[in-house]
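User: I'd like a close look at one part of this protein, please. Could you walk me through it at the bench-side level?

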Amino acid sequence: MANITTSKKDFKYFCAQVKYYVREFGLGDYEINFDHKDFADEGEPLCNSIAGVRENSNSKAATFLLNKDWSDNESPNEANLKRCAIHEVGHLLLCDYYFCAINRFGVTPDQITTIEHAVIRRLENFILER
Ligand SMILES: [Zn+2]
């Protein structure tokens, strides 16, 4: 099976979409950075993902990542790159909630992540299917 990878052009589109939705969701107080790399080759803990975000609620900084290796997924196109961007901006939207929640007693980080994803999927569907 051919290895599916993301190009510089895909990365540029992903970054533009992230910037757009960061602005739309009023997240301009965050310092935003970008990185395009092969998650598995570079020991990125998000290695089974096609994109990701590393965020810090305290310093108000976020790095959006696009995986170069999309081997088991459909080929990148504007629609799925846009969905990835919205998904990762959704994490930033919930960043303060997440950091607050994982510090509470009796709730596991996995439970918080599951709840967070349910909210983000609703946002994706709301934005893309209206
Ligand atoms: Zn996610």
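Which residues does alanine 85 touch, not counting residues up to four places away in sequence?

Analyst: Happy to help! This is a predicted model, in which local features need pLDDT of at least 70, side-chain atom pairs count only at pLDDT 80 or more, and totals for chains, interfaces and linings use all residues. Residues are numbered from 1 along each chain as its sequence is written.

Leaving out residues up to four places away in sequence, alanine 85 touches Phe14, Gln17, Val18 and Tyr21; a contact here means C-beta atoms, placed from the backbone, within 7 Å of each other.

Now to the core. Ala85 is one of the residues that touch the most other members of the largest nonpolar core, along with Phe14, Val18, Tyr21, Cys84 and Val89; this core has 19 residues. A nonpolar core is a set of buried Ala, Val, Leu, Ile, Met, Phe, Trp, Tyr and Cys residues joined through C-beta atoms within 7 Å, and buried means that 20 or more other C-beta atoms lie within 10 Å of a residue's own. At least two residues of this core come from each of α1 (8-24), β2 (51-56), β3 (61-67) and α2 (78-93), and α2 gives the most, with seven. Helices (H or I, at least four residues) and strands (E, at least two) are DSSP runs, numbered from the N terminus.

As for the setting, the protein chain has four helices and three strands, in the order α-β-β-β-α-α-α from the N terminus on. Of its 130 residues, 25% count as buried. Among contacts in the chain with a separation of 6 or more, 72% join residues 24 or more positions apart.

Terms used. A residue is buried if 20 or more other C-beta atoms lie within 10 Å of its own, exposed if 12 or fewer, and partly exposed in between; C-beta atoms are placed from the backbone. Two residues are in contact if their C-beta atoms, placed from the backbone, lie within 7 Å.
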